[in-house]
Amino acid sequence: MDISLLAQFTVNGLMLGMMYALVAVGFTLFFGVLDIIVFSHGDVVMVGAFAALTGHYWLTGIYPDMSMWVELFFISCISIITVAAFGMIMAKTMILRLRSASPLNTLLATMMLGTVLREAVRLFFPGGSNPKPFPVLLPDISASFGDFTLRFDSVILFVLGALLIVSLHLLITKTKLGMAIRAVAQDEETARLMGVNFTLIVLITFAIGSAVAAFAGVMNGLYYNEINFGMGLLLGAIGFSAAIIGGLGNIYGAILGGFLFAGLQTLGAVAMPFASAYKDVFAFGVVILIMAWKPTGLIAEKTSERV
Amino acid sequence: MSDSLLQCTGLTMHFGGLAALSDMSLHINKGEVLGLVGPNGSGKTTFFNVVSGIYKPTCGTVIFDGKDITSESPQAVYNHGISRTFQLSRLCLELSVFDNIMIGNHKRLSRGFISNIFSRRKFNEEYEDGLKRATHILTALNPELANRMFDVVSELPMIDRRRIEICRALISKPKLLFLDEPSAGMTHEETRQLMDEILNMGSYAKGLSIVLIEHEMNVIKRVTDRCVVFNFGQKLFEGTYSEVIADPAVQEAYLGKEVE
Amino acid sequence: MSTNTTNSLSGVLCSFAFAGVITALMTAIFIVESQLLIAGVLLGTIGAIVISSKFGVTSIILKSLGENENLSNALAVLVTLALIVIFYDDHYVLFILCTILLYSVTVLGLNIQLGYAGLINFSGAAFFGVGGYTAAVLSQYHSIPPILTLVIGGIIAAIVGSILLLPILRTSGHYSALVTLAFALLFKVFLDVNDSLGGAQGVDVGSFTLFGWDFGNDITIGSYDVSFYVPYVLASLVMLCVVFFFVRRIERSWIGLCLDSVRIDEVSSSCFGINIVRWKIVAFTIGNFVAGLSGALYASILGYISPANFSFGDSLMFLSILLLGGIGNLWGTIIATAIVVVLPEKFQVIQEYRLFIYSTLVLLMIVYRPVGLLPRKTRTYRPGESS
Ligand SMILES: Nc1ncnc2c1ncn2[C@@H]1O[C@H](COP(=O)(O)OP(=O)(O)OP(=O)(O)O)[C@@H](O)[C@H]1O
Ligand SMILES: [Mg+2]
């Protein structure tokens, strides 16, 4: 295989992997603190993208000739802040109520919640049922090495994503807030006894996870230059898959799972150039195989049921 | 040794670095009630779990009724004739009393599609038979409970749930019954009542050997023929109740608090 | 512990009256076109249910129906037959009836998996679709009798499902949910890109032919032009009756007991000799077979299927019906299916908002009434027997 083509695939795969990892991290964070899967998280990514688009309409309406960078900064902030608040409200009004339900019921309920978000955007966002063009806010520069073009905007997005993951890591491992989150994830009762405000920590966790999802949404929009109301379903399924194959509750597992899934899709496209349309079939097929091989994920927590 | 029913030799069970059982050797005679005592976490429940096949022992052997059943599946162990209750009640709370007891009667039930779904003759016979047996045992335990055969278990009080668990374990007519703290969650009076009921099971308990884990020393005193004291996964002492409480090592390990 | 209760006359009368009311209600819903009237009928129904619950009428009805199950089952069939007779020439209504009957069959299959064995299946629509595509392929060979097509559809679905058995048996909880979820997505993408099965455009399914009689043609009996859907509705009805009988028998047998036990507590099940692997395989395979069976018939009725019919959203719909009706309650399943299918069809105002309203309702339901419309009853092994 041509080396430059290979490089092209690698770069695209890394970009996808970063996006998936950002989504998967949310799944695993929420599972950590509440032991439930919040399947609507993929649709929160979509809401993030649409929030940014709304911000774009609004800002360009007021300041028609704003610089790209400034606008990018502002619409990212708008998206992240609104979606973080939205995540908190969702957690407070819906998700926390679901704690007593069976795992299946919560999974189904959050899938329904995802559908509600999707349908709400489709029905109530102006022209929401059609794909929407997303503004180009990064310089359209690229460097070519033979057949291989490295898009400058991809590099920026990737670096930003990596920075976000690193800061999330530092937040979780190094700060007092992170310690409280980990305490709640480990053992809710003990955390409460040690004076951790459980509800507050859960809400903050949802704010953080949703903010990361919003960023992933903006990233998605900037990368593909187009967003649509249905994009969250597949993203959610992939984020969920990534979090599971990594091993639920483990942030590194989620990141690994995200890049792995992107790797599989890319591999599917590279290895079967005659049938690259089958790349998702291939990726999900391998996910099923991984589950048969490692039933509790690649980085499994070691527990055996006490009788 | 000739009438020993269960013979365990060198049973060892490691959980990671923790030896929940180490080099445990003990035997149970036919028709005997053996008490297992020991401080919390000394490996009593783990012993049950290893023998009943839930955990595979790290090493050691289990001989039951002349057959080596080490590392066999829980299903196989049940079919050999060992039945048990659980420390934390594991009934199906949303099912009826009868359903729960029939789960214990699984040995006698046909599982084929023909007899279950199409020709119901065999099923009906098994149903009548199961109902008769369940009524018989429940009546011996508590006649009132026998009238609530089709009530949901979650509506019943703790002591009745214990009775149902025991009934579920007994209905298959096991040769060996493991009772894991049957008194947990009950008052002294209830415990005494329950133990009397078990010992008065009549036809269902003839020749039955029982291993009883119990913290309540009065119960141990009244019902056991012999006791084994566990400590840190090892056998600390073996003997009758009076020998056990006279032993200084046991007093230190287990009754220490009371003596102080 | 009373055995077979003798049917009180009032109970029988009450059951008949109830069947009459249901027939009238369904007829009204199908006939009325004006949205305002439909809203009126719906509100009236809800009002009637609320009021009759207040005065204990609902429980009397439920008791009468429960007292004599054979009669109730027969009455349900009669109601369906009456609707077929009333709407003998109305393609649209008959097709809706088929949909209700066949969706119910599929959900009953899922009920064996989830309601009894506790196996969550997010690819119900995929197995439904396997049956449908099997029928599409087989319909090219005219010599295959319809009943065989259906059975083969079911078998192929069961075989495809067996690919997932290993991961499903090894995983539990959310990990196991991922397996069927991944399969549902995989299946849809596969159909979309696979040209030999028509790709995203879909594929034609030939109508059934039996002894040279083509099911796709209208029938003339005397001076009546009977819709070609009538035989299909009858076939769907027979299928539902057979599957209903089968699932009911499973529930009321040791098989159902073993499945319940496996669902509720694997450890204690294994300590009483119950073979967990065997029962999970049995439940998963039967459920998929049933889904494939109904999918094959549904596809033959539609005459044309495409991947859009078998998306993840449809799997979710099947699961939600199960949950709405009350997991494990077979009548609940059928009632919930009827509601979910009929409402958006007849209530065109909400057509556009149907997914939105419907998912909101399911969400609220899970939060506020997780047992569903009709919660599952404690098992009795013989009809009419109760505590
Ligand atoms: N599945 C398991 N994984 C890890 N450790 C376990 C497991 N089961 C038991 N243990 C450990 O093995 C040790 C013995 O436990 P066990 O339950 O056998 O004690 P016990 O004598 O029954 O105590 P109690 O009187 O409290 O019931 C304990 O330290 C326990 O934490
Ligand atoms: Mg114990």
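**Figure 1. A salt bridge joins chain A and chain C.** In this predicted model, the side chains of A:R122 and C:E352 come together in a salt bridge, with 3.4 Å from N to O. Between chain A and chain C, the count is one salt bridge. The rule for polar contacts picks out four residue pairs across this interface, with both partners at pLDDT 80 or more. On the chain A side, helix 4 (103-124), helix 9 (231-246) and helix 11 (279-293) each bring at least two residues to the surface that touches chain C. Helix 4 of chain A gives the largest share of that side, with 16 residues.

**Figure 2. Here is the whole contact between chain A and chain C.** Chain A puts 47 residues into the contact, and chain C puts in 41 residues. How much area is buried between chain A and chain C? The answer is about 3900 Å², and carbon and sulfur atoms give 81% of that. Look for A:L108, A:M112 and A:I288: they supply 16% of the area that chain A buries against chain C, more than any other three residues.

**Figure 3. A magnesium ion sits between two residues of chain B.** Ligand 2, the magnesium ion, is coordinated by OG1 of B:T45 and OE1 of B:Q87, at 1.9 to 2.1 Å. These two residues come from distant parts of the chain, 42 residues apart. B:T45 belongs to helix 1 (residues 44-51) of chain B, while B:Q87 is in the loop between strand 6 (82-84) and helix 3 (97-104). B:T45 is buried, with a relative accessible area of 15%, whereas B:Q87 is partly exposed at 30%.

**Figure 4. B:C167 is a cysteine without a disulfide.** Why does B:C167 not form a bond with the closest cysteine sulfur? That sulfur belongs to B:C92 and is 14 Å away, so it is too far for a bond, given that a disulfide needs two cysteine sulfur atoms within 2.5 Å. Over all chains, the count is zero disulfides. Is B:C167 buried or exposed? It's buried, with a relative accessible area of 0%.

**Figure 5. C:K346 is a buried lysine in a helix.** You'll find C:K346 in helix 15 (residues 330-346) of chain C. Its relative accessible area is 6%, so C:K346 counts as buried. Leaving out residues up to four places away in sequence, C:K346 touches C:I29, C:F30, C:V32, C:E33, C:Q35 and C:I38. For another landmark, try C:A19: its C-alpha atom is 22 Å from that of C:K346, and the two residues are 327 residues apart along the chain.

Conventions:
Residues numbered from 1 in each chain as written. Chains lettered and ligands numbered in written order. Predicted model: local features only at pLDDT ≥ 70, side-chain atom pairs only at ≥ 80, totals over all residues. Heavy atoms only, no water. Buried < 20%, exposed > 50% of the residue type's maximum accessible area, 1.4 Å probe, protein only. Donors = N, O, S within 2.8 Å, 3.2 Å for Na, K, Ca; no water. Helix = DSSP H or I, 4+ residues; strand = E, 2+ residues; numbered from the N terminus. Contact = heavy atoms within 4.5 Å. Buried area = accessible area lost by both parts, 1.4 Å probe. Salt bridge = Lys/Arg side-chain N within 4 Å of Asp/Glu carboxyl O. Polar contact = N/O pair within 3.5 Å; in protein donor to acceptor, adjacent residues only side chain to side chain.
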